[in-house]
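Reader: I'd like to get to know this structure through its strands, cores and rings. Could you walk me through it?

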Amino acid sequence: MASLGFSVGSGNSCLLPRAAVSDHSIRNSGRDGFNPLKKGGTSRKRLTSTNVASPPLPAIAAPHLRPNKESGDRRSHVAWTSVRQERWEGELNVQGQIPLWLKGTYLRNGPGLWHIEDYNFRHLFDGYAMLAKLHFENGRLIAGHRQIESDAYKAAMKSKKLCYREFSEVPKPDNFLSYIGELANLFSGASLTDNANTGVVQLGDGRVVCLTETQKGSIVIDPDTLDTIGKFEYTDSLGGLIHSAHPIVTESEFLTLLPDLINPGYLAVRMEPGTNERKVIGRVDCRQGPAPGWVHSFPMTEHYIIVPEMPLRYCAGNLLRAEPTPLYKFEWHPESKAYMHAMCKASGKIVASVEVPLFVTFHFINAYEEKDEDGRVTALIADCCEHNADTTILDKLRIQNLRSYTGEEDVLPDARVGRFRIPFDGSAYGELDAALDPNEHGKGMDMCSINPAFLGKKYRYAYACGAERPCNFPNTLTKIDLVEKKAKNWYEEGAVPSEPFFVARPGATEEDDGVVISMISEKNGGGYALVLDGTTFEEIARAKFPYGLPYGLHGCWVPKK
């Protein structure tokens, strides 16, 4: 358990938070504290809380919170509880020191509201989107959050009921005719949600867009105020209803995959900065199966797009159901096998298509090209957070499952850093193995980030969420060293950390020279922003929120102009 004390202004002393940071070989469970400002410190000391280059700050008063009408265990972890107000912003008191070079805004998207009046949503992925921000400048930290004003959210707030199809939720028809109309709206896409609750990206032209699995759920926001500006409307005629929730975005391009549910396959498309027009790079036809596999994310290298064909496939029948199945919009087809396809980014041609062992993944980490001594590409390497081909992870994310957890059972399915090798020698088969011993990170692995300068290139470090067992959800922050095949893990008892996001120090020459940012939800109902040293993985600063925030999914960094 972390023991926390926070000053209300600069120059007041406070108790040092106690947390565990360890290599796998020295795993501890939060009993031994350490000084986040002293390398390798392990003793509990009193520390001056400062806001670097800032005047003393007033205490932050918690705002008035509206009643929460969610049912279930009232002792539910704040990570799985709807945020109690639509928006808030304020400056936080920093304990420790934020590097002066860290200037910009970390944005994190995710579900923030899991109920409408007395009706409770079923699944983590159903919640209406809440955008949170951490703005860093001159050692100070301004935080805020706000609900994204999608059509789905606004309609629900106005009518006091569900109006669009969410991940597991379907609007209840008033009569048979309205049911028929709902089916027609499903096929046209009109009833699909625009609830952009999954990710947020900054395009090369500076626009910031929140995203989800549906194409209509692309919403432009203001990164400073968190205001919803409006829909991101694609101006091409490619059509389709869904896309990868995780496009690959650089300063020069936006790449994504469009699954084809009619003629099973995928379109790889590119969009240039300053436009809303996607252009086709190429197409991959599915090797087997009644539908394309789910492509929540995908990797790329410098010259190739890798298209995964997972046996967890979209299912039209499940889309039509009023009540969800354990796999929701998907169906597991192990008989259809699993494949990895490599497409040339320049020509759109498929240069390799190999069968691989069955796999289940939400998130790819990175990929790169393996070359021979003459510089010829001999294979592609692609890493992901792989769940040992176990589909039960989806149903473990039901809100009731998360809320009712007592802390005694170990129910989180095992996961690993899965490493694919896609050979370029004409072989019919590729490989899938663990990139390191999964025990290094507690056999939990998801929500990953890397140094973006190494996107598509050979890299050494990844940051993700691992596990300190027993648990029901990833509950550690972990730094993976893919060369030494070791992990460093940050853990605090009862804490649920969100995605660790790496920000490189300007001018850095080492891959891990920077900081890692995460938002932490505490079991006592509180929460805080956390900053870790990207190299040592030790805590250098934290700042307590006025109240705990629900768990968030994915984020992006918007550097100060």
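Author: Happily; what follows is a set of short questions and answers about this predicted model.

Reader: Let's begin with strand β17, residues 265-271. Is it largely enclosed or open, and how many of its residues are buried?

Author: Residues count as buried under 20% relative accessible area. Strand β17 has seven residues, and it is largely enclosed by the rest of the structure because the number that are buried is five.

Reader: Which residue of β17 stands opposite Asp260?

Author: Strand β16 (residues 254-260) and β17 run antiparallel and are joined by seven bridges. They form a hairpin with four residues between them. Opposite Asp260, in β17, stands Gly265.

Reader: And which residue takes a positive phi in the hairpin of β17 and β18?

Author: β17 also pairs with strand β18 (residues 278-285), in the antiparallel sense and over seven bridges. One bridge there has Tyr266 partnered by Val284 in β18. Six residues lie between the strands of this hairpin, and the one with a positive phi, near 85 degrees, is Gly274.

Reader: Now the interior. Which strand gives the most to the largest nonpolar core?

Author: In soluble globular proteins, nonpolar side chains tend to be buried together. Here the largest nonpolar core has 82 residues, and Tyr128, Ile305, Met340, Leu394 and Phe420 have the most contacts inside it. The strand that gives the most to this core, with five residues, is β22 (residues 338-344).

Reader: How many residues are in the second, separate core?

Author: Its members include Leu134, Met519, Ala543 and Trp557. The size of this second core is 27 residues.

Reader: What angle does the direction of helix α1 make with that of β9?

Author: The setting is an open sheet of five strands with antiparallel pairing, in the order β4-β10-β9-β6-β37. Its edge strands, β4 (87-92) and β37 (554-559), each pair on one side only, and the twist averages 15 degrees from one strand to the next. Helix α1 (residues 151-159) packs on the sheet, touching β6, β9 (128-137) and β10 (140-147), and its direction makes with that of β9 an angle of about 120 degrees.

Reader: What is the bridge partner of Leu107 in β37?

Author: Strand β6 (residues 104-113) and β37 run antiparallel, with six bridges joining them. In β37, the partner of Leu107 is Cys556.

Reader: On to the rings: is the pair of Tyr128 and Tyr153 stacked or edge-to-face?

Author: A pair of aromatic rings is described by the distance of the centres and the angle of the planes. For Tyr128 and Tyr153, the centres are 5.8 Å apart and the planes are at 70 degrees. Tyr128 lies in strand β9 and Tyr153 in helix α1, 25 residues apart, and both are buried. Planes over 60 degrees apart decide the class, so this pair is edge-to-face.

Reader: How many residues apart are Phe136 and Trp557?

Author: These two form a tilted aromatic pair, at 6.2 Å centre to centre with 40 degrees between the planes. Phe136 counts as buried at 0% relative accessibility, and Trp557 counts as buried at 17%. The pair links strand β9, which holds Phe136, to strand β37, which holds Trp557, and the separation is 421 residues.

Reader: Last one: how far from the centre of the Tyr461 ring is the charged end of Lys479?

Author: The charged end of Arg278 sits over the ring of Tyr234, 4.1 Å from its centre. Lys479 has its charged end over the ring of Tyr461, and the distance from that ring's centre is 4.4 Å.

Key
Residues numbered from 1 in each chain as written. Predicted model: local features only at pLDDT ≥ 70, side-chain atom pairs only at ≥ 80, totals over all residues. Heavy atoms only, no water. Buried < 20%, exposed > 50% of the residue type's maximum accessible area, 1.4 Å probe, protein only. Helix = DSSP H or I, 4+ residues; strand = E, 2+ residues; numbered from the N terminus. Pairing = 2+ DSSP bridges. Core = buried A, V, L, I, M, F, W, Y, C linked by side-chain atoms within 4.5 Å. Axes fitted to C-alpha atoms, helices over the stretch in contact; angles between N-to-C directions. Contact = heavy atoms within 4.5 Å. Phe/Tyr/Trp six-rings, centres within 6.5 Å; stacked < 30°, edge-to-face > 60°. Lys NZ or Arg CZ within 6 Å of the ring centre and 35° of its normal.
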